[in-house]
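Got your viewer open? Here is a short walk through the model, one selection at a time.

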There are 2 protein chains.
Amino acid sequence: MTQAILFDVFGTCVDWRSGIVRAVAREFPLLDAERIADEWRARYDPSMAPIRDGTRGYAPLDQLHRENLRAVLSRHGAECNDLDHLASAWERLDPWPDTLAGLRAMRCHHLIAPCSNASIALMIRLSRHAGLEWDCILGAEIARSYKPDPSVYEASCAALGFAPNEVTFVAAHNGDLEAARRCGMRTAYLCRPAEHGPAQTSDLAPTGPWDHVADDMRSLAAMLRPDG
Amino acid sequence: MTQAILFDVFGTCVDWRSGIVRAVAREFPLLDAERIADEWRARYDPSMAPIRDGTRGYAPLDQLHRENLRAVLSRHGAECNDLDHLASAWERLDPWPDTLAGLRAMRCHHLIAPCSNASIALMIRLSRHAGLEWDCILGAEIARSYKPDPSVYEASCAALGFAPNEVTFVAAHNGDLEAARRCGMRTAYLCRPAEHGPAQTSDLAPTGPWDHVADDMRSLAAMLRPDG
């Protein structure tokens, strides 16, 4: 039986793209903010790869966000008055409309925590901004690696004091769920068809043998109720 | 200026002795529960010493509590039906009467987190039981050592993204405060004269140059208010 629920956060709990586009547009009213946001996000995964494969020591996501933003702006010949502030826009994203009610309902019956690639510092500030209330902050930093490296899921379950098969992992991304499943966790796919904006082509439907599939956090909470 | 507040928990936020005495008395109605509780607690610090000095790898406090309880019961010739359950009594302690209101007030203006020797798993469960609401769980486990080793305070400040002098550490124990002060943290002594029961002789008054001294969490919250 599921004793705890871990969550991917960017895209699954919060709408990163709208928030990042808004922050970029505020700083650069004359540039294509959507394009810059997408290019910034596109560097996210490649920038973690050397840390996953051990060719670079652990650096928190805040730092990778700064480096990636600097590279994108430089390509556009844009200069930022306060790069650190814009880079920290990931701390000021809004939750999807169903997130807060869903998390609150799940927390009545389970321990809940993020298992994200965000650092603890970033996740604390984002959680404050978005109103996400967790039992603790788990994820990349306690494992000093990045998802989908198995150590991140394994360290997060271990920190809760549970075996992986006692923990359900919730994500809007099939790849993330596949990595969690391989570690022995239970899995729940949450459909977020607008995470990447109106032209999204990936993760529009579940592609693996997930234990649960839901359209929003409230219905997922109902599925995961111990008496459900 | 203080951006975040870290807390010692056992003795500072929760009344461990009453809870442990109650749990021991329930299991062993014919034994001297206060004596067993005090002997159990007396093994706490010595059992962490080999982990601090590196002669033993990190083992979570839950495990040390189990080992120490087994040793104490064996000295008394007592056998426990469910040692794991009694050992987990540290997850079911009550807060001091002023704790919840004080933490809630401090959380309005600051990030707050425990910086305790408890494992994350133990602290999550204790926080649920006692109603302690944190921004995240820091302390021994993220440093894989035990207070007063400086790495525990340093890793906790770093995880928040703050320099030590931007963080205030709150404890009822002068030794704990001294270690935090040496790391560059600000310090607040909270008087808990009944932590060790009516015969307490230690930590009855502040003995160092602490930045704040308070009798309860509510008055400490007033002192730490940014406009205070």
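Start by selecting Val170(A): across from Val170(A), in β7(A), stands Ala188(A). Keep in mind as you look around that this is a predicted model. Now widen the selection to the two strands themselves, β6 (residues 167-171) and β7 (residues 186-190) of chain A, which pair in the parallel sense over four bridges.

**The sheet in chain A**

Next, colour the whole sheet. Six strands of chain A make up an open sheet with parallel pairing, and its order is β5-β4-β1-β6-β7-β8. Which strands sit at the edges? Those are β5 and β8 (212-214) of chain A, each pairing on one side only. If you're wondering what holds such a thing together, strands of a sheet pair through backbone hydrogen bonds.

Now move along to β4(A). One of its neighbours is β1 (residues 4-7) of chain A, running parallel to β4(A) and joined to it by four bridges. To see one of the matches, pick Phe7(A), whose bridge partner in β4(A) is Pro114(A). Another neighbour is β5 (residues 138-139) of chain A, which pairs with β4(A) in the parallel sense over two bridges. Here, select Cys115(A) and look for its partner in β5(A), Leu138(A).

Stay on β4(A) and show its side chains. Leu111(A), Ala113(A) and Cys115(A) point one way, while Ile112(A), Pro114(A) and Ser116(A) point the other. Are these residues buried or exposed? All of them are buried. With six of its six residues buried, β4 (residues 111-116) of chain A is largely enclosed by the rest of the structure.

**Salt bridges inside a chain**

Time for some charged pairs; a search of the whole structure turns up 32 salt bridges over all chains. Try Arg35(A) and Glu39(A), whose closest N and O atoms are 3.0 Å apart in a salt bridge. They lie four residues apart in helix α2 (residues 33-42) of chain A, so about one helical turn separates them. Arg35(A) is partly exposed at 44% relative accessibility, whereas Glu39(A), at 19%, is buried.

Hop over to chain B and select Asp176(B) with Lys147(B), a salt bridge with its closest N and O atoms 2.9 Å apart. This pair links distant parts of the chain, 29 residues apart: Asp176(B) is in helix α10 (residues 174-182) of chain B, and Lys147(B) is in the loop between α8 and α9 of chain B. Asp176(B) counts as buried at 11% relative accessibility, and Lys147(B) counts as buried at 5%.

**Where the chains meet**

Finally, show both chains and zoom in on the contact, which takes 20 residues from chain A and 20 residues from chain B. About 1,600 Å² is buried between them, 51% of it on carbon and sulfur atoms. How many salt bridges are there between chain B and chain A? The count is four.

For one of these, select Glu133(A) and Arg107(B), with 3.5 Å between their closest N and O atoms. The pair crosses between chains, from the loop between α7 (120-130) and β5 of chain A to helix α6 (residues 99-107) of chain B. Glu133(A) is partly exposed, with a relative accessible area of 36%, but Arg107(B) is buried, with 18%.

Then select Arg107(A), Asp135(A), Arg128(B) and Glu133(B) together: a network of salt bridges links them.

Notes: Residues numbered from 1 in each chain as written. Chains lettered and ligands numbered in written order. Predicted model: local features only at pLDDT ≥ 70, side-chain atom pairs only at ≥ 80, totals over all residues. Heavy atoms only, no water. Contact = heavy atoms within 4.5 Å. Buried area = accessible area lost by both parts, 1.4 Å probe. Salt bridge = Lys/Arg side-chain N within 4 Å of Asp/Glu carboxyl O. Buried < 20%, exposed > 50% of the residue type's maximum accessible area, 1.4 Å probe, protein only. Pairing = 2+ DSSP bridges.
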